[in-house]
Amino acid sequence: MKRILFVDDEPRVLDGLRRLLRPQRTQWDMLFATGGEEALILLEKSRVDVVVADMRMPGMDGADFLKRVYERYPEVTRIVLSGQFDTETGMRATPFAHQFLTKPCDPDKLKAALKRSGESCTQLPGDSARKVIPTIGALPSPPKVYVQLLEAVNDPGVSFDAISRIMSRDVALSAKVLQLANSAFFGLEREVANVREAITAFGLDVTKQLVVSTEILRQFRALKPNPHFSIEEFERHSRLTADIAVQLPGQADGNTRAMAALLHDTGKLVLASQLPDAFAEACKIAAEEAIPSYQAEERVFGTNHAEVGASLLNLWGLPQAMVDPIAKHHRPQVPVPRSKGLDLLAVVHIANALAHDRENKAARDGDWPSRLDREYIAQLGVDAEIPGWRSGLRGSGTA
């Protein structure tokens, strides 16, 4: 049974949560603590899967409490449930909170967030990958992007479009920005699926604080040398896939297609930074046997980077409509639902295959990219379109 610890200095709030969640008592074991100090004592005595904490508490505030939970119990999912957010405290909490919710919180929304947090990792078959997901505050990113971004936000004449272009080159930062945009921290009433929309809502001052705090506090570790994995090549492939996705005839808007494609291999950053030795072994197997990386990862981890990345993005509260295609982009669902135009899963699957095909200089199977699922493509009814897309779609990998 999943154990959830609620932390708030107001007994009335805790009593309200008890009443609200009483129907879930057969599914969840719930603990309640009136403040961070009491909560840390409970954490020492009991295994906890999720903590839900207020931000403004006397003594130890929510940001400090979540930081301590992260340091001592990194596997615990961390959710903020607060009626008051100020930028300074919120920025201190962003590296350590997976999601932000406001109170009073809609009961269905709270239950859905708690249920989703539990499903993020338990669906992964590989123990090592499942344990590492909740420990991640942020993903590694090329430092060059941060230098450019900090220069841009310090320019009083910079535009949202200019900052959006820089941010969108960075898989890790894009993921973090969308995590915050889809939390309650900024009070947006809609799902946000692209960086431009997110930073417009944040404003330049908050964007600057976000960039600086993420750079200082992010869990960036220099990647161990891996002859078969380059973060620069990873970034190029991600951007090339996004370039191609925008040009495909998809149902979703271009920004959403680009962002899903940009983030489709996020799990590789997780594995490379958090499980470097095992990831290096998987990369070596893929290179020596000339098989796709996800197949080699399944041998080593019992799961693959698509599932790992989707689990992290799900934990961060990104739109489910984006998370599912990322999880399934190597093995899309068959049979295909009847619809007009390519859905987001089809776009990501095809764009990824075309990007790999363009990057691969070795002999190819005629005009058919080897990473496409033939049965899936046939059911989509776009067999005849593939050769034209393969040769005609632009994709510099630099946008």
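**Rings, cores and strands**

Author: Let's start with a cluster: F229, F234 and F279 are linked into it by ring pairs. The model is predicted, so to speak of local features takes pLDDT of at least 70, side-chain atom pairs count only at pLDDT 80 or more, and totals for chains, interfaces and linings use all residues. Numbering runs from 1 along each chain as its sequence is written, and side-chain values use heavy atoms, leaving out hydrogens and water.

Reader: What makes two rings a pair, and how many aromatic pairs are there?

Author: Rings of Phe, Tyr and Trp (its six-membered ring) pair if their centres lie within 6.5 Å; planes under 30 degrees apart are stacked, over 60 edge-to-face, and the rest tilted. This rule gives four aromatic pairs.

Reader: Why is the pair of F6 and F32 called what it is, stacked or edge-to-face?

Author: The ring centres of F6 and F32 are 5.4 Å apart, within the 6.5 Å limit, and their planes stand at 15 degrees, under 30, so the pair is stacked. This pair joins distant parts of the chain, 26 residues apart: F6 sits in strand β1 (residues 2–7) and F32 in strand β2 (residues 28–33). Strands (E, at least two residues) and helices (H or I, at least four) are DSSP runs, numbered from the N terminus.

Reader: How do you know that β1 and β2 pair, and in which sense?

Author: Strands pair if DSSP finds at least two bridges between them. β1 and β2 have six bridges, in the parallel sense, and F6 stands opposite F32 in β2.

Reader: Are F6 and F32 buried or exposed?

Author: F6 and F32 are both buried (under 20% relative accessible area; exposed is over 50%, partly exposed in between, with a 1.4 Å probe and protein chains only). Of the six residues of β1, five are buried.

Reader: And what makes the pair of F229 and F279 stacked or edge-to-face?

Author: Here the ring centres are 5.2 Å apart and the planes of F229 and F279 stand at 80 degrees, over 60, so the pair is edge-to-face. F229 lies in the loop between α11 (204–217) and α12 (231–247), F279 in helix α15 (residues 276–289), 50 residues apart. Both F229 and F279 are buried.

Reader: Which residue lies over the face of F32, and how do you know that a charge sits over a ring?

Author: The rule asks for NZ of Lys or CZ of Arg within 6 Å of the ring centre and within 35 degrees of the ring normal. R18 lies over the face of F32, at 4.3 Å from the ring centre. K176 lies over the face of W316, at 5.2 Å.

Reader: Why is S238 called buried or exposed?

Author: Its relative accessible area is 0%, under the 20% limit, so S238 is buried. S238 lies in helix α12. Leaving out residues up to four places away in sequence, S238 touches V171, A261, L262 and H264 (contact means heavy atoms within 4.5 Å).

Reader: Which residues touch the most other members of the largest nonpolar core?

Author: They are F65, L263 and I350, in a core of 113 residues. Such a core is a set of buried Ala, Val, Leu, Ile, Met, Phe, Trp, Tyr and Cys residues joined through side-chain atoms within 4.5 Å. Helix α19 (residues 344–359) gives the most to this core, with 10 residues. Another core, of 17 residues, lies apart from it and includes L17, F32, V52 and L114.

Reader: How many helices and strands does the protein chain have?

Author: The protein chain has 21 helices and five strands, and 55% of its 399 residues are buried.
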